[in-house]
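Thanks for making room on the agenda. I would like to take a few minutes to walk through one structure, so please have a look at it while I talk.

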Amino acid sequence: MTLPPLASDEALVRRALEVAAAAPATGDVPIGAVVVDASGRELAAACNAREATGDPTAHAELLALREAARVVDSWRLEGCTVAVTVEPCTMCAGALGLARVARVVFGAWEPKTGAVGSLWDVLRDRRLNHRPEVVGGVLEADCAALLEGFFATHRA
């Protein structure tokens, strides 16, 4: 079960959509992520960069987490919210939990690889000591449309 979105969640996902729009310039899938602290100050934003960097771990969420950790000078991102355009995969969900973020907000559900409620539910596994609040489906149609447009031109 995901929680209902807060008023600011749509704005965060819109910001993630803006960031995601840069990814196709390098052939990357348009996924964007943004990290904000408890006061709403943006700490980091990133889009997928696997093609751009040749790094299989260069997912938007990981790049944004790394930058946010650098900004606050700590791997603990307690009190932070991460907004991403697509449901995180297992790698990203694991990193979000390990970073101790307070909330994860995402747009489109990803039934093939999603690890925050679709295929798996890594972040709400009761065996883990940190389980952030999860809000899914925020601006879902907009987020899905961005991906569908990308894949329509890249797999045609």
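Let me begin with the aromatic rings, where a search across the whole of this predicted model turns up two aromatic pairs. In one of them, F106 and W109 meet edge-to-face, with 4.8 Å from centre to centre and an angle of 85° between the planes. The two partners can be described by their accessibility as well: F106 is buried, at a relative accessible area of 0%, whereas W109, at 29%, is partly exposed. The rings of F150 and F151 also make a pair, with their centres 5.1 Å apart, and because their planes stand at 80° this pair too is classed as edge-to-face, the cut-off for that label being over 60 degrees. Here F150 counts as buried at 7% relative accessibility, while F151 is partly exposed at 28%.

I turn next to the strands β1, residues 32-36, and β2, residues 42-47, which run antiparallel and are joined by five bridges. Within this pairing V34 stands opposite A45 of β2, and the two strands form a hairpin that leaves five residues between them, with G40 in the turn adopting a positive phi of about 95°.

Is D37, in the loop between these two strands, buried or exposed? D37 has a relative accessible area of 16%, so it counts as buried, given that the limit is under 20%. Once its neighbours within four places in sequence are set aside, D37 is in contact with L43, G79 and C80.

After β2 comes N48, which sits in the loop between β2 and α2, the latter covering residues 50-53. N48 is likewise buried, with a relative accessibility of 6%, and a polar atom of its side chain lies 2.8 Å from the backbone nitrogen of A60. Leaving out neighbours within four places in sequence, the contacts of N48 include A23, D28, V29 and I31, and also A58, H59 and A60.

Finally, a word on helix α4, which spans residues 90-98 and in which C92, A93, A95, L96 and G97 are buried. Which elements cover these buried residues of α4? Among them are the helix α3, residues 60-72, together with β3, residues 81-86, and β4, residues 103-108. Following α4 we find R100, whose phi is positive and near 65°.

Key
Residues numbered from 1 in each chain as written. Predicted model: local features only at pLDDT ≥ 70, side-chain atom pairs only at ≥ 80, totals over all residues. Heavy atoms only, no water. Helix = DSSP H or I, 4+ residues; strand = E, 2+ residues; numbered from the N terminus. Buried < 20%, exposed > 50% of the residue type's maximum accessible area, 1.4 Å probe, protein only. Contact = heavy atoms within 4.5 Å. Polar contact = N/O pair within 3.5 Å; in protein donor to acceptor, adjacent residues only side chain to side chain. Pairing = 2+ DSSP bridges. Phe/Tyr/Trp six-rings, centres within 6.5 Å; stacked < 30°, edge-to-face > 60°.
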